[in-house]
Structure formats: C-alpha cells, structure tokens
Amino acid sequence: MFGEPVRRREDPRLLTGRGRYVDDLGAGALEVAFVRSPHAHARIRDIDVSAAIDVDGLVAIYTWEDLPASLAEPLPLLIPHPALTHGRTARPLARDVVRHVGEPVVMVVARDRYLAEDACALIRVDYEVLRPVIGPERAAGSRRLVHDDVPGNVGAHLVQEVPSAAGTGAREAIGAAPHTLAFRLDIERSASMPLEGRGVCARWDADDGSLRVYSSTQTSTSVRMAVAAKLGLPLPKVEVIAPDVGGGFGVKVMHPWPEEVLVPWAAVRLGREVKWTEDRREHFVSSAHERAQVQFVRVGFDGEGRVLGLEVTILHDHGAYTPYGIIVPIITSTQLLGPYKIGAYRVEFSSVYTNTVQVTPYRGAGRPQGVFCMERTMDRIARHLGIDRTAVREANLIQPGEFPYDQGMTFQDGRPLIYDSGDYPRSLRMLRELIGWDSFGELKARAAAEGRRLGIGVGCYVEGTGVGPYEGGHVQVTSDGRVHVSTGLTSQGQGHETVFAQIAATELGVPLERISVVTGDTRRFGYAVGTFASRAAVMSGNAIALACRKVREKALRIAAGVLEADPRDLEIVDGEVRVVGAPGASVPLATVAVLSNPLRYAFDEEAARATQFAGASPPDAPPVAEGEEPGLEGRDYYSPIRSTFASGMHAAIVETDPLTAEIRVLRYAVVHDCGRLINPMIVEGQIHGGVAQGVGGALYERMVYDEHGQLLNASFMDFLMPYATEIPPIETAHLETPSPLNPLGIKGAGEAGVIPVSAVIASAVEDAEGIPIDRMPLSPSELFDLRRAAP
Amino acid sequence: MKPPPFDYHSPRSVGEALEILAATGRDGKVLAGGQSLIPMLNMRLAAPGHVVDINRLTELAAVTVGPDGVRTGALARHAQVERSGPVAAAQPLLRRALRLVAHPAIRNRGTVVGSLVHADPAAELPAVLTLLGGSVRLARRGAVRDVPAARFFTGPLESAAEPDELAVSALFPALPPRSGTAFHEVARRHGDYALAGVAARVRLDDDLRVAAAEVVCVNAGPVPELVDVTGDCGHRAPGTADWGAAARAVRDRIDPEADIHASAAYRRHLAGVLAERALRDAATEAAGG
Ligand SMILES: Cc1cc2nc3c(=O)[nH]c(=O)nc-3n(C[C@H](O)[C@H](O)[C@H](O)COP(=O)(O)OP(=O)(O)OC[C@H]3O[C@@H](n4cnc5c(N)ncnc54)[C@H](O)[C@@H]3O)c2cc1C
C-alpha cells in the first residue's frame, strides 16, 4: 500500500456534494453577522444600536463593552520571539481604535444571516477618522503610527549573520569579491483564499454543561484550549471538531480568530446554537494576507558565479497586528539560502505595521519571497557573467556527500538549520532533461523566426517541513475487524484519509477498506499541534505508524498464545495473523481484538467464535496482566529533533506576446523530492495545486490598497485567481532521498508546489523579454510599461 | 453578502409584469438571469423595494431569425443564442461575441437583453448591438417603443429603459452582402470582462474593395461608440487596405480609463492591436463569404 497511487478515498464524498462543512451544520442555529470598520484607521466615538433594535428576528447585539474580561483583552500572541519587541494583537471586538478596514466592531445575533445583516446596516458607529499608514516603505520610521506605542511602526527587527568558513562577514566578503551586484525586489500581497471561508458553529448543552464547537480550522485542539480558557470552562467540557474543511492554506491555522471565541461565548450566553459563516468579502478584509515584502540585495561572487557574500535587507509588511509572531519573515530569512552554500550571509529584516489586514502564514509561508530573492540573484549573476543560469546554480549547490549540512542559522522551530538529506545536483540534472534545457535555444530561435517570443526559467528551493513539537496517532482494532485510526491534526482536503490509511494498512497488514481515519476531532484525539508547515504526513504519518507497530506487537503477542507459536514467526496478511510457512494456522485480527478484552459475554458472531480460544488464562493471574490494557489499540507520538528538508527544482517555458504583452505559460516542469512517497498521485496533486497558486502569485494575484487603506479588489471579480484555463499542464519527476530523521523516511509535500513559481516565471519572462523582472506579480499592462521604459 | 429586504413579484404574463412595473416605478427592478443583479443585491449595492422576476414569462424566450436579422426575446439566455445554428447563419457575430462572455455556467442563466439593459461598457453585447445598428424594444403599460442602439446606451450602467419599462426583445440586424465581422479581445483570464476588445464590420463593394469599415471597442469609454475608419484604410482591396492606419485612427479616437488591471495607455495600445486584427479578419470574411 505504502508508495502506491491509491485513489483518494475522500473524493467520492467531497466531489458529489456529500461533504459536511461548517455551514452545512446547525440548521436551526442563530446566525451572526458583524459590523466591521469601513475605515483603515479611526477612533470609535460612539456606537448607536437603537435603530437596529426593531429588526424582526434580532436576538442580541454585542459591543466590546459587553464582553467579559477574558474576551475584552487583546487576543493571544501565538509565537513570541525576542526580536518581536512590539508584538500587538487585536481584541475580539474593537475597543476604541480600529486599525484596518474589516476589523470587527459589533457582533449581531439574529434568527438568520439576512436579518443579522439588516440589523448591522442600521447600527451607527461614529468614527473619528485617523490618517492611515499604507505600504511598508511609508510605514517604516514614519511619525504617523498604527499603534501609538510602537515607534516608527517597527514591530520586530532581526539581524542574522553567518560568516564564511574563514570567519569573514558578509559585508566584508562582498567588498572583497571580484564581482558585485545590488538591486531591489518587490513582492505583492496575496492571500490563502480557501474556497470555504472561515466558519464557527457552537452548541451549548446546558444540561451537561458542555460545549461543542465546529470550526473550519487547521488546529482544532488549539482552538479547544483557547475556547476553554477564554470562556472559563473545564477543558473536558469543551470539544472542537474540524468537519470537512474546504481548504485552509495557512489562514485557518491562526487561532483563536475573534469569531472562534465570540460565537461559542454567545452560544453559552444565549443558551442556543449559534453559528457564523464568513462570506467572501469578510474573508478579504477580516482574515489574513501574506507575501508583501521589499528586499534589498547585495551580492559578491567570483568568475564562476560562486556566491562569496550575500546581504539581504527585508522590509516585511505585517499589516495591523502580529498574532502569529514573525514566523513569515524568519522563514524568508532562513529558507532564502535554498540548496546553496553561500560564502557569508547577512540578513536583516524589519517587520512593520500598516493599516491593512494582518499577515499570517499562507502556503509557502515566507519561502516564495526568499526563493524569489535567491533565484533572481542567481539569474543576475549569470547575466552579469554571461554564463548559463543552471551553471551558476550548479556551482553553488550543496553536494550529496555534505549531508547533514549545517547552514549555521536558527530555523523557525528554534532548532539549528541543518539539512538532513538531498541530492541537489541530480535534481538539477533531472530538471534540465525534463524541460529540455539544453535544446531550448533552438526552440527559441525557431519561434523567433515566426515572430514569437519564448523564454525559459528555472528556480530551486529547499523547504523545511515537518516541524515539531509532536503529533500523535491512535489505532484501534475492534471486534468486527475494523481499524479506526485517529490523529489530532486536521484535514483541509489533502487526502489524509487516504495516506494515513495506506500507512496503517502497510503497518498492520489490513486491507484499506477496513480502515477508517478521523482527523481534527478532539473527542477522538486530544493532543495535537495542527496542520501547517507541510507537517501532517511527516508528523501524524510517523505517529500513526508507531501506534500501528504497538498494535501489531500486541496482536502478535496475543495471537502467539492462541496459535502456540513464537511471535517472531507470525505475520499479518489481509487482516489475519498467520504462522509464516504454515497454511491454516491463522487467527483473524477481529478475533484477536475480542481476545484482547477479557469480557465474559459476546455481542456479535466474531466475539462468539472467539470464545473457542478463551479460557486459557491461568487461574492465579489477573485476567488483565500487569502492564497490559484491555483492547487491541495503541497510541504513540512522534516528536522530531528538528525539521526534515524537502527540496525541488522547477522550470517553465513561457511565451510573451510581442504586441499584446500577454504572458502564457506553455510548459511547467517539476522535479520534486519529499523523501519516500506514500502516494505519488496525492503528492502530484499537491504539487499541481501549489503550482496553480504559484502561477496566481506570479501573474495574477495582488491586494490593491489605495492610499486610504481601502482594499479595491475585495471580490473574485477583481482579485484574480487563475482558472484551470490559466494553468499549464505540469510535468513531474520524483526523486526520493529518504529522511534519516523519521521511521518512514518521509518529508513534507504540501507547500512545495507554490514555493519557487514566482521566481521561475520571472526567470522565464526575463529570458523572453531581455528586461530585468524585479517584482511579482507581473501583469500584461506592467510588462507593456516595462517594454516602453526599456532602453 | 445577503440582500436587503425586498418584495418579490413573479408575474405570469407580460401584461401583469407591466402593471407591476407601473406600480413600483423607481422602486422596482427587473430580474432576468440575475448574473449582474444578484451580486449587486448581495453586496447591497442595489436596494430596490421590489424585484420583478420575469423568468416565468416564457413568451419572452423566443429567438426568431428573419430577413431583417435576429430578434432575441428578453428571456433568451446567452447559451441558447450562442448555440443556435440559424442565429449563427443569420448573424455570426453574435456567437463570436457570446463565446467571449463569461463562462458556460453564467451564459446558461444570463440573458442577451439583460446584458444590453445592464449597459456595462465592458460587456460584449452592447458593442455588438451598436456595431450592427440594432435596437431594443421597450414596453410599458399601453405603449411599446424601439430604441436604436445609438440612443439606447446613455452612460456606464445606464440605458434608455425607464423604471416602468420592460425590455421585451432586441434586434440584431443581418449583414448586407459582401460583409464580414470579427470580435477580438484580451482578458486577464479566460472568460473575464475584457481589458480591451474590438468588434469590427467590413463591407466590400462590387469590385471587392472596402466600402465601409467600422469598429466598436469594449471598455473604451462610458458607452459603446461606433468608430468609422472607412476613410482611414483606403478604398482598396482587403489585402492592400491600410489596416494599420485604421487601427491608429481607432486608438486616437477612443477614451479608455485606467483601473487596477490595466493602464489607459495599455488599453489604448491593445485596442489598436485588436482593431487591426479584427478589421483584417472581417475583411477576409467579407471577401471570402
Ligand atoms: C463572473 C461573471 C463574469 C461575467 N463576465 C461577463 C463578460 O465577460 N461579458 C459580459 O458581457 N457579461 C459578463 N457577465 C455578466 C452577464 O453577461 C450577465 O448575464 C448580464 O450582464 C446581465 O444579464 P442577466 O440576464 O443576468 O441580467 P440581470 O442580472 O437579471 O439584470 C441586470 C440588470 O438589467 C436589468 N434587466 C435585465 N433584464 C431586463 C429587462 N428585460 N427589462 C428591463 N430591465 C432588465 C435588471 O433590472 C438589472 O438592472 C458576467 C457575470 C458574472 C457573474
């Protein structure tokens, strides 16, 4: 099973409309809408709800003043860091100042969402409009402040230095280098944009004093802790379930969202089921964005293109708040190095507040920006020296014999940035072959003769995946022979029900059909971190494998007694424990499950049949021996010492229209290494989706804020995500260098596809046009402008 | 994104619809395919007190093809007109334009007449109606009038249809002999409203020289405007006519605006490129067919 392209078991449900998302639940629930700030920066002078009181079906209106102390304070800052000297988070409802368009100010509960919105429209908020701070460059050092107590709007500032082996600093190394270049790069804002927005549905059971919350989240266990703490409920009385979730891409790992605590609070207070379903406009202005950075690069290199020193200074736009810490710029700073050995490196970032939607990780989480920086640098070096772009990369690659390779920095998990395994030169060779790098010159010349403009581009990345601290798995075999697998992290459509079942099938020797997988349900598994950082397969996959091994060991032990054999001579095949080489000497796992639980009565046929084996327990020993537990089940955790590093290299051929400046991606090739593949079909699906999002970031998506802080394209009419028609066919080749860090030898694959795409497309457009491409995304209108400005 | 409250009317005959529209006046809105109106309601950009749903008026679904051209009833969907063989034979530009309108799901609901009344300067069909010199038939209680395209589009999202009027049909005239048409556009993504688009019509005389060459540009001003470039391309055979000069004339005579997707200069440039392509194709068709 492991390694096979098994079809996704969740697809029939999800593709035929039988998925159950938060908005499908709570049919009779009261519904919530919010009055959100129409201003980017304003002081609330007064809130007048009197006109809304008469709306038929109105149940409650809450402002900040109505909140209990635990909800009135700013929401938690999830990942503090010493460099984040001025971390700031929002309150669930604004108290006095609003800092971006879309910030929640008033919560309205009504019989349905229509009526709630009618009431919202009648609530008058009197604002004193303040001047907003828009754009990181204008924010940095400005006297106009997003937060009064954050001077210069700088929330965090961090310098990391890695001297060369000889102890030279980056600036010195650049100064002494035979060649130097300096330039600036710009990357725009985009966002996760899951098709299903956020959503919360809370059921308060007054008789039982318990609360059940459904949330469209990437981390139900953490939402549970947050809700219990904020509402002052005992943890065992709160359960949080992530039902089917229509995409996350990072935005749903943020927690608790204001709505995630407000909706349960209202449910308890009103004694009713209450739900909130985010609409698209809310998602644009009230969730999170990512990507925006300005980068200043200085690089020194030798005649072969070897980088001797690299200095990058980053201005990172963090939006109005920093609830998720500074994970994104830290990842940019560290993952920028990619598969390369850089002589000496200095990276400095300032994370600045602006009056825009806050920034939290979006698939890739800072890596696309880092890779854009490094790969644009590689292309610049090649152009400067007049040598092939892949040759420059080749000259800088870490070699297979050099693993584990220590980049000398601290990664986002607080652990040293040590690459565990990889084969970068081979990956580059495979990519050149796949895309036809060496023969592209002829193709380009032939096209040019027909008046067509083609360009080829390349981009490489290394991705730290599977960050800790841990995940767990629980595996139970019931007396019907079925295997129930659960893990605490959540699914947003990745195919966990399939790959985790494949792992269990392989470890336990049970057919796939008999295995069911549950994720993100705290009733089934209470300890978890969540789904992000390409960690689900690595973390839960290994934990489930380890749990299965416990179950297997126990099954063999019990079966050995029944079959009067040595456990070492047993195997499990097709759900039966068999004595190797002795046909007929076997016992079904179902029977073993019955035997594992010494009850004196039976409920089903299997249990009845099992009684023929029972009765062997010695009369002077307890029926459940010391150190044993009833039941055929196992629980285990996987906690890695550090992240495992996946890698990949992409290439694209683009065509630019000489007249209309339209940009079309003709071919897209991917060489991908995520260690051992659990399911190549699912990995390819992840890559396809990632590349599609990458094409969005490279050519289409941007958040257009005007100088007043209004988001001008807060709808799918004007925020352009590529359709299938804009995505080229994607050719994929796999390379498998197993990770030595985990039992299954796997690395994460979830984010990979998106990471280098902007860099690759920029590289290809630059090749087609002969004009430096320094920013992403690039629209035809901008390419037209670049052409006109070119000398 | 839920609409504000409104009264919903679902008339069973055109007469009943006209009665309701007469009674509701400025406070009423006709609901046809809903592909533009429903989003506006949901975003609370429109707040009519009454919505008059005409989807049960099957008498308005007819598409008739006659010697004078194609008449589409108010309930004729984009998809229905796009797929009709007789329509394509009588006025091929309709199918060409409709294939550029949005996506199949939207074309299954959206109506040709609704698109005209909606009068979006970025839409294809108003350009087609203008280029062909068509008209829209408006009915109110006790009166019917035909408004020619040149007077129908009065501003961005504004048409000559009064609040108490129902647009019951539109006429897209057939082409005279030795004529050809083409429609070219550039959109950011497949099916998007165009950044720029050009519908062109060329008529040749008996000597197969260009007798008339006209274009209408999409997204090039507040209302679709006919640009006559007959004089610019020269009274010559299609192969030797100066389409470049005609395209330059188009570029100079339009007034596109900048938005977040494209600068005005780029739009102007595109209109020129597309005008040349469209005029050439239209002339080729005129000469060949
Ligand atoms: C995602 C998307 C993409 C689109 N892309 C394009 C595109 O590329 N090109 C394009 O041209 N269009 C596009 N459209 C719009 C689509 O073509 C609409 O169908 C059309 O604009 C309106 O037609 P409708 O029948 O849906 O009208 P409705 O939405 O029902 O009504 C639109 C307006 O016209 C009025 N109205 C409609 N019919 C009548 C009538 N018979 N009498 C009086 N008033 C009437 C309504 O009151 C309303 O004000 C797109 C729509 C969507 C949702």
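**Ligand site and cores in a predicted model**

Biologist: In this predicted model, which residues come nearest to the ligand?

Modeller: The shell around the ligand holds 31 residues. A residue counts if one of its heavy atoms lies within 4 Å. Those that come nearest are Val30(B), Gly34(B), Leu37(B), Thr111(B) and Glu124(B).

Biologist: Why is the site shared between chains?

Modeller: Look at which chains line the site. The site is shared because the residues that surround the ligand come from chains A and B.

Biologist: Which element gives the largest share of the shell around the ligand?

Modeller: In chain B, strand E2 (28-31), helix H7 (112-118) and strand E10 (166-173) each supply at least two shell residues. By class, the shell has 17 nonpolar, 11 polar and three charged residues. The largest share is five residues, and it comes from H7(B).

Biologist: How much of the ligand's accessible area does the protein cover?

Modeller: Start with the polar contacts. Ligand oxygen atoms lie 3.1 Å from a side-chain N or O atom of Lys29(B), 2.5 Å from a backbone N or O atom of Val30(B) and 2.7 Å from a polar backbone atom of Gly34(B). On its own the ligand has 960 Å² of accessible area, and the protein covers 92%.

Biologist: Which helix gives the most to the largest nonpolar core?

Modeller: That core has 132 residues, and Leu279(B) is one of those touching the most other members. Beyond its sequence neighbours within four places, Leu279(B) contacts residues including Val202(B), Val229(B) and Trp243(B). With 10 residues, the top contributor is chain B helix H12 (residues 264-288).

Key. Residues numbered from 1 in each chain as written. Chains lettered and ligands numbered in written order. Predicted model: local features only at pLDDT ≥ 70, side-chain atom pairs only at ≥ 80, totals over all residues. Heavy atoms only, no water. Core = buried A, V, L, I, M, F, W, Y, C linked by side-chain atoms within 4.5 Å. Buried < 20%, exposed > 50% of the residue type's maximum accessible area, 1.4 Å probe, protein only. Helix = DSSP H or I, 4+ residues; strand = E, 2+ residues; numbered from the N terminus. Contact = heavy atoms within 4.5 Å. Polar contact = N/O pair within 3.5 Å; in protein donor to acceptor, adjacent residues only side chain to side chain. Areas by Shrake-Rupley, 256 points an atom, 1.4 Å probe, with all protein chains shown as cover. Nonpolar A, V, L, I, M, F, W, Y, C, P; charged D, E, K, R; others polar.
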